[in-house]
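Reader: Hello! I'm a first-year student, and I'd love a close look at one part of this structure. Could you take me through the packing of two helices and what surrounds it?

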Amino acid sequence: MTRKLVRRVAAPAAAIVAALALGACGSDDGGGTAASSQPSTQASTAGGGGGGTLVVGGWGGAYDKATENYYVEPSGFDVQFVDAPAAQVAQVQQQKRAGKIEWDLIDSIAGPDAWVLQTQGLLEPLPADLKAELEQTLGEGKVTDFGFTMGNLSYVVACNKDKVKTCPKTVAEFFDVDRFPGTREAPAGAPLMMLTMAEVAAGTPVADTETAEPDVDRAFDVLDKVRDSIKVFWESGDQSEQVMRTGEADIGLIWSGRAYRLLDEGMNLEIAVDGGAYEPGYWTVVKGSDNVDEAFAFMKSIAENVDGQAKWAEEMAYSVPNPKAIEQLPNPERLADHPETFAKLAVPNFEWYAQHADEVNRRWQDYMKG
Amino acid sequence: MSQTATPAAAVPSPPSRRGGRRRWNPTVGNVRAFLMVLPLLALVVGLVLYPLVKLTIDSLTQDAGLGNYADVFASDATRKAMVTTLLASVVVTVITVTVGATLAWYLVTARSTLVKAVLWLAVLAPFWMGTVVKNYAIILLIANDGVLNDVLSALGLGRAQLLYTTGAVIMGIVYSMVPYAVFSLYGVFVGIDQSLLAAARSMGATRARALRTVLLPLAMPGIVASAALVFAISIGFYVTPVLLGGGQAPFMASVISSNIFGYYDYGFASAASVLLLLVAVVVLAAALLAVGRERLMRAVA
């Protein structure tokens, strides 16, 4: 009797363990993010310059290459990149827990992420004199207590004129489904940006979004009205372009660089910038770095490198902080930091978000997937 | 299987003809057997058991502690993702095992070498392709301007949204999982004596009846094992829901991933992972116990 029972339970139990172990190890489809978040060390050295090597948490691929060609090489600093695309916060937190900060700098960490680290005290504040100098070179809006902007982008509306009769003229009109019917796509991983654009649609002037406390309920009312028309929440820039190309959606709330690329490819697009959200990245120094002075000196060299920033922006289609660099470009108004463009954009309230991230992020996920 | 296996140790080995030399014996002593599986055991402990224990502890101690679980239950997105992931995995399992069993049966019984070669190629091709390639192939087929919609439109049925739906995700997972089902079921079917089917037919059973009353009971344990494998792998799919379902697709792997990498909410993510694992174990245990009991009753009868 007992033996039978043991057998009855043991065989299925063994099968479950085996199946789960296989599921955990065998599925190539299962572990995409885990694999990509694992930083692969890519050493690259530039000519002589300073003393020690500066370690930069970077984005990998073409991004690191452009940074190396246009910022590192002219500076003469010895820089090594460690890739952690979109996982910089997790990496720095882990280094802090392990008790050893391995990175000196972070390249273009996304605004919301930078403010998360800043709130947790993991970023080195800029020395007062350097901050004043940087503000002189770049302009006040481009400099914070912990760094300056780089790789900045905006969210704009790209509307397929072949499919849509009346295209939205502003980003606020993206949320007006009655007057502007059509299938839509929106970013999956940018709750703060969506909240900011919904705020503008609900009546907050773009000049006030950076400091005004968002009315979350009101913003989600705006978002609720457009939810059924959003056919795709895109997870990557490539996906956002592909959705427009295949016609899966005809009105896309996408990154400016992607919208202009589709336009240049020959798509019949109308692009609305007014009321879009501005998302800066930041060059910043990690608190606990052994090379703080050198790291800040390297950052200063980037801020002052006008030609380098112009070439970098032309290659990457992301915006740069130095106004002189933007003037050199063929289509300067396409970049988020061009004064006329910047005036139309809503800067999110990052400080507020850093305090309310869990609340906003969870509500966003319920909105998107619920 | 257990009722047919005869423990080799119980069979008394005949005395060796050449006195001094011991005959080779396929069974291994307990100590040696333990030493032989030790490396595997170490791997399982290090790479499966330790992370699972750590994950469970983290889910109870990090961020909100026990409140992590309350947060997970309070989240519409996570509840919906849990239900969708499990239902979709059940649907995937049923389709995959049905298709896999059919293919495996033809692979065992087909006489034509050409047919076998073509079938094997069809089974192996998705197995050899990378995840992203597989998913993009499906995008090309079912996109708004894809082949399938072109056909629908030419037939005057208009274009339908096929991509970025739960159906598309299910299709993608099935495509990836069919080889797993075929491999495991091929082994099962090869081991079944086909003359039993011939005997059933000679006694007047129709082809369908012979398959149902002779083949199916013999293959059932293998089919259930194959289904358990497919189900366990399906619940963890991450890339396919993102590429074919979009960000709105409510699947647990993407909820967990975005809470780790997008929102740095480790407590929430680990609690969600533990719950997914628990639910999966319960579902699998229920399915296997049910079959275990049935097998036992058949053995008694």
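Author: Reading chain B from the N terminus, you meet the elements in the order α-α-α-α-α-α-α-α-α-α-α-α. That makes 12 helices and zero strands in chain B. Please keep in mind that this is a predicted model.

Before we zoom in, here is the setting. Chain B has 301 residues, and buried residues make up 37% of them. Now look at the contacts in chain B with a separation of 6 or more: 71% of these join residues 24 or more positions apart.

Now for the close look. Find helix α3 (residues 76-109) of chain B and helix α9 (residues 207-234) of chain B. The axes of α3(B) and α9(B) are 9 Å apart, and the two helices pack at an angle of about 135 degrees. How should we describe that angle? An angle over 145 degrees would count as roughly antiparallel, and 65 to 115 degrees as roughly perpendicular. With about 135 degrees between them, α3(B) and α9(B) are therefore oblique to each other. As for handedness, α3(B) passes α9(B) in a right-handed crossing.

Which residues meet there? On the α3(B) side, look for B:Ser89, B:Val92, B:Thr93, B:Thr96, B:Val97, B:Gly100 and B:Ala101. On the α9(B) side, their partners are B:Ile223, B:Ser226, B:Ala227, B:Val230, B:Phe231 and B:Ser234. Taken together, the residues of this contact divide into seven nonpolar, six polar and no charged. When you look at the numbering, one general point is handy: an α-helix has 3.6 residues a turn, so residues three or four places apart point the same way.

For another view of helices, turn to chain A. Helix α12 (residues 306-316) of chain A has these buried residues: A:Gly308, A:Gln309, A:Ala310, A:Trp312, A:Ala313 and A:Met316. Among the elements that cover them are α3 (61-75) and α13 (323-327) of chain A. Just after α12(A) comes A:Ala317, with a positive phi near 60 degrees.

Chain A can also be viewed in two parts: domain 1 (50-152 + 280-337) and domain 2 (153-279 + 356-369). Their C-alpha centres lie 27 Å apart. Where they touch, 11 residues of domain 1 of chain A are in contact with 10 residues of domain 2 of chain A. On the domain 1 side, helix α5 (residues 111-119) of chain A gives the most, with three residues. That side of domain 1 of chain A divides into seven nonpolar residues, three polar and one charged.

Terms used. Residues are numbered from 1 along each chain as its sequence is written. Chains are lettered from A and ligands numbered from 1 in the order in which they are written. This is a predicted model: local features need pLDDT of at least 70, side-chain atom pairs count only at pLDDT 80 or more; totals for chains, interfaces and linings use all residues. A residue is buried if 20 or more other C-beta atoms lie within 10 Å of its own, exposed if 12 or fewer, and partly exposed in between; C-beta atoms are placed from the backbone. Helices (H or I, at least four residues) and strands (E, at least two) are DSSP runs, numbered from the N terminus. Two residues are in contact if their C-beta atoms, placed from the backbone, lie within 7 Å. Domain bounds come from an automatic or database domain assignment. Ala, Val, Leu, Ile, Met, Phe, Trp, Tyr, Cys and Pro count as nonpolar, Asp, Glu, Lys and Arg as charged, and the others, Gly among them, as polar. Axes are lines fitted to C-alpha atoms, for helices over the stretch in contact, and angles run from 0 to 180 degrees between N-to-C directions. Angles under 35 degrees count as roughly parallel, over 145 as roughly antiparallel, 65 to 115 as roughly perpendicular and the rest as oblique. A crossing is left-handed if the near helix is turned anticlockwise from the far one by less than a right angle, and right-handed if clockwise.
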